[in-house]
Each structure stands twice: as C-alpha cells, then as structure tokens.
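Me: I would like to go through the pockets and one sheet of this protein. Please keep the answers short.

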Amino acid sequence: MPFLGTTTIKRTASSATLAVFLLLPTAVLAERIFVSNEKDNTVSVIDGETLEVVEIINVGRRPRAMAFSNDGSELFVAVGDDEAIDMIDLETLKVVRSLASGEDPEVIRVDPNQPYIYVSNEDDNIVSVLDYQQRRRATQIPVGVEPEGLGVSPDGKWLIATSETSNMAHIIDLESMEAVYHRLVGARPRHVEFTEDGSKAWVSAEIAGKVAIIDMQDTFDVVHSIDFEVQGVPKEAVQAVGMQLTSDGRYAFVALGPSNRVAVVDQQSYEVLDYLLVGQRVWHLALNADESRLFTTNGVSGDVTVIDVEGDVDDFKAIRSISVGRFPWGAIVEP
C-alpha cells in the first residue's frame, strides 16, 4: 500500500468534508419556518435545524396569513392595512412585488391546481380570487358578513369560507365559483382545515370554543362538534382558533387562544387527548415536513413554542421558545 503523504491526506479530508458539506445544506435549508409579526410589519425566518431566527423580512403593514406559490418559489403574505398581498422571493427573501387584494385581507389560500389566491375580504363580505400570474382579480364570490377563515380541499374542488358575524361556513364550488351550501357553525368561526383525503372539513369557532366537523362527501352537514374544557381556565378563555391535522389521520392540534393551550385531538374518535401548555394567546400552528414538530404563534408573549410531537401523545412536549416580533399571527413551513 503506497504511503499517503500529508498533502494527500489533506486533500482526502478536504474532499470528504466537501462531500458532507454538499449533502448537509440540502437538509438544513429544506426547512424554514416563516412567522408573520402583526405589529412589527415583518416576517421572521426560523431555521428548522438550529431553531433560531436567521432572517427578518420587512413587509407591508399588518401581515397575517401566508401561503406558498404552487411552484414553491414565492411566499405570499396578506398585509391587511396595505390591502395587498406581498410576494417574497424565497431565494433572496425580499418582497419583489405586491398585488392589490381588496379591503382588509386577512386569510389567504392558494388553489392547488391553478395560479389563484383566495382572499377573505372582511370589510366587503366577499372572497376575492386573484390570479397571481396575470396579476389581476379573476372574480369575487359573495359570502356572509365578515369573512375570515378559508380552506381549500386537497383536490381543489371545494373552498370553505367562514363568516364571523353570520357564524356560517360557506361551501364554494370552485368550478362555478359560487357558494352552494351554507352551514351554521359556532360563534365567530376562525379557521378551516381539510382532512388529508378531503372527506371532512374542520371549522374552529373562537367565541364558542368549539370545532365543527363537516362531511364533505355526502350531506355537507355538520356531523360532529368538539368541545374543549381546560381545568382551571375560565370557559371564555378557551377560544378555538388555528388548527393543524396530521396527514396520517391520527391527530389534530387546535390552538385555544388566551387559555395558552393547544388541544390534542384524536382525528377518528374526536376525543380530546391532552392539552399542551404554550405561550400567551396561542393563535396559529404549523407542522414541519415530517410532522415531528409543531410550531405555535403566541401573540401576547411574542414568541413561537416548538413542540415535539413524535410518538404517542404522552411523549408530546414543548422543547423551545423562540422570540420573534410583536404579536406573531401566522406560521408556515417551507415545503
């Protein structure tokens, strides 16, 4: 075996290091968590490996809901006080353009099949449909008073819009762009999530402190209601807001506002399994790509709680609190 001199050894080590370096960044950079800070007019970027804020992006006034473009190149941010959608290039992390959204955009969702952004325009009682490639409003859909939450079915066939004052879930056929069913849910409905197979839609109601389950295959009726009761916390403080559902159909996580808790629910039986203590006034949630971690935005404490949700519910625990901007509203994980 020939002798490996110092130079050869260094080159070999350098090559090995380079190989590892080239492999690692893909895993590290593949996961970034974006958090909209309502009072700071910024979006915080958290590294999914280090769990530290690595970038702060300046956006328009009062950023709230966020969504990714279908090709994954841009992040859309609803900036309510600017009545616009800011579009962030995910390579440069800069706002590259803005699109007029109508009055007071709060929640946005992207159609999985076409370049449409659905926007709840709270002051106009409509859902705006924006074509983000053509940079124009494609149409608008009348709904109830003060539309808030939006959810798009996985197949892109249905859109559900909730109206805060009407206490309704409006089920919109996205082929005709018309609301075809209207279902009464709890007081001040806030958020909509579809199950992975699209057979059910979960609608949270903030003031009622409940979640309504809507059948999306046959009757389009509310088929179940989930109540929450946190020991030692006044009922009025248990306010159901943001939700996340695991893709395996096992768990649902529900943010319970001023109770400072996240409820863990069995997706199949609808049984509340546990309540996890997080920061103050938990508002919205985001699961990471492999669904091993849950990120919560805590508006009053100005931080994000990171919860380990691997394994069984008895193993779930908060592992980190990350300071972000003032009044963090939404969170989304880069796909």
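The questions below concern a predicted model.

Me: How much space lies in the largest pocket?
Reply: The lining of this pocket is made up of 41 residues. Among those closest to its centre are Phe-68, Arg-109 and Glu-193. The space in the largest pocket comes to about 1,300 Å³.

Me: Which strand gives the most to the lining of the largest pocket?
Reply: Several elements give two or more residues to this lining, including strand 4 (63-68), strand 8 (105-110) and strand 28 (328-333). The top contribution is 5 residues. It comes from strand 28.

Me: How many charged residues are in the lining of the largest pocket?
Reply: Sort the lining by class. Nonpolar residues number 23 and polar ones 13. The charged residues number 5.

Me: How many charged residues are in the lining of the second largest pocket?
Reply: This pocket has a volume of about 200 Å³. Its lining includes Glu-38, Lys-39, Arg-62 and Asp-81. Trp-283, Phe-327 and Trp-329 also line it. By class there are 3 nonpolar residues, no polar ones, and the charged count is 9.

Me: Which strands are the edge strands of the open sheet in the order 8-9-10-11?
Reply: The sheet has 4 strands, with antiparallel pairing. An edge strand pairs on one side only. The edges are strand 8 and strand 11 (136-142).

Me: What is the bridge partner of Asn-121 in strand 10?
Reply: Strand 9 (residues 116-121) and strand 10 (residues 126-131) run antiparallel. They are joined by 6 bridges. In strand 10, Asn-121 has as its bridge partner Ile-126.

How values were computed:
Residues are numbered from 1 along each chain as its sequence is written. This is a predicted model: local features need pLDDT of at least 70, side-chain atom pairs count only at pLDDT 80 or more; totals for chains, interfaces and linings use all residues. Side-chain values use heavy atoms; hydrogens and water are left out. On a 1 Å grid over the protein atoms alone, a cavity is a set of points where a 1.4 Å probe fits but cannot get out, and a pocket is an open set with protein on both sides within 12 Å along at least five of seven lines; lining residues have an atom within 4 Å of a point. Grid points are joined across faces, edges and corners, and a volume is the space filled by probe spheres set on the points. Ala, Val, Leu, Ile, Met, Phe, Trp, Tyr, Cys and Pro count as nonpolar, Asp, Glu, Lys and Arg as charged, and the others, Gly among them, as polar. Two strands pair if DSSP finds at least two bridges between them.
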